[in-house]
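Good morning, and thank you for coming. Please look at the sequence and the structure on the screen while I speak.

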Amino acid sequence: MIFSLYQMEGMKPHTIVYIAQSLDGYIADSDGNIDWLEAIPNPNGDMMGYDVLMQDVDAIIMGRGTYETVLAFDIDWPYQIPVYVLSSKLKTVPEHLSSKVFLLNGKLDFILSTLSKKGYQGLYIDGGKTIQSFLAEDLIDELRITTLPILLGGGSSLFGTLENRLAWDHVTTSVYLDQLVQSHYRRKRES
Ligand SMILES: NC(=O)c1ccc[n+]([C@@H]2O[C@H](COP(=O)([O-])OP(=O)(O)OC[C@H]3O[C@@H](n4cnc5c(N)ncnc54)[C@H](OP(=O)(O)O)[C@@H]3O)[C@@H](O)[C@H]2O)c1
């Protein structure tokens, strides 16, 4: 793989995937629903590592599909850090989000170097196709994957095909609510 200059200089922001999947590896069911993510009672509001994630990142890169899913929830905007939405179709964001949501479009190298120049050091990468495209270019440094005990039988897969194998070191595994298994992996790269 040919690394661009900002990668060689170690300036690439650290990229983290934090996502939930079904036991059979889907992030949304075949109707695009994610209601099953809320099926396990969480009476004490366990953050399940989300609070730690927010300490490790200073911006979010989100695919348009996920952004539109969040907008459709019709809740207050849930993110406290800037969200960069990847889209070739969207041209504007709603007025009330204009200081919180920014549109980006283009090759991932360009997107990462743009955010690097803005000073971001840790990026939360969210969205099915977005995660797959980052992985296809070996641009993810950490995976934090929560597996729920449900078989959906179909839907949107977390992972897609890759030209090359990507090896990871296991960092830690935690169990939340006696039901959810969250495993952290760090990309194992040749030095
Ligand atoms: N289980 C979970 O924890 C979890 C988390 C997040 C999302 N989800 C679910 O996953 C589904 C959404 O995933 P998705 O498959 O729609 O993927 P997505 O990554 O959210 O959105 C894909 C879109 O992002 C844009 N995009 C991606 N890379 C781009 C690039 N380099 N340049 C420009 N635009 C780019 C494209 O939009 P344009 O067509 O506008 O170019 C593409 O169609 C939803 O059902 C959501 O609810 C689940």
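The residues of the shell around the ligand divide by character into 14 polar, nine nonpolar and four charged. In this predicted model, the shell consists of 27 residues. The closest to the ligand are Gly63, Gly65, Gly127, Gly128 and Thr130. Which elements give two or more residues to this shell? They are strand 1 (14-22), strand 2 (26-28), helix 3 and helix 5 (128-136).

Let us turn to helix 3, which covers residues 64-72. Helix 3 lies across strand 3 (59-63), strand 4 (83-86) and strand 6 (122-126). With strand 3, helix 3 makes an angle of about 100 degrees.

Strands 3, 4 and 6 belong to an open sheet of eight strands. The order in this sheet is 5-4-3-6-1-7-10-9, and the pairing is mixed. At the edges are strand 5 (101-104) and strand 9 (168-176), each of which pairs on one side only. On average, neighbouring strands of the sheet are turned by 20 degrees against each other, with direction ignored.

One pair in the sheet deserves a moment. Strand 7 (residues 142-148) is antiparallel to strand 10 (residues 180-187), and six bridges join them. Arg144 has His184 of strand 10 as its bridge partner.

Finally, consider the whole protein chain, with its five helices and 10 strands. Its C-alpha trace spans about 45 × 45 × 30 Å along the principal axes. A compact globule of 191 residues would have a radius of gyration near 16 Å, and the 17 Å of the protein chain agrees with this. Of the 191 residues, 23% count as buried.

How values were computed. Residues numbered from 1 in each chain as written. Predicted model: local features only at pLDDT ≥ 70, side-chain atom pairs only at ≥ 80, totals over all residues. Pairing = 2+ DSSP bridges. Helix = DSSP H or I, 4+ residues; strand = E, 2+ residues; numbered from the N terminus. Axes fitted to C-alpha atoms, helices over the stretch in contact; angles between N-to-C directions. Contact = placed C-beta atoms within 7 Å. Near = placed C-beta within 6 Å. Nonpolar A, V, L, I, M, F, W, Y, C, P; charged D, E, K, R; others polar. Rg over C-alpha atoms; globule rule 2.2 N^0.38 Å. Buried ≥ 20, exposed ≤ 12 C-beta atoms within 10 Å, placed from the backbone.
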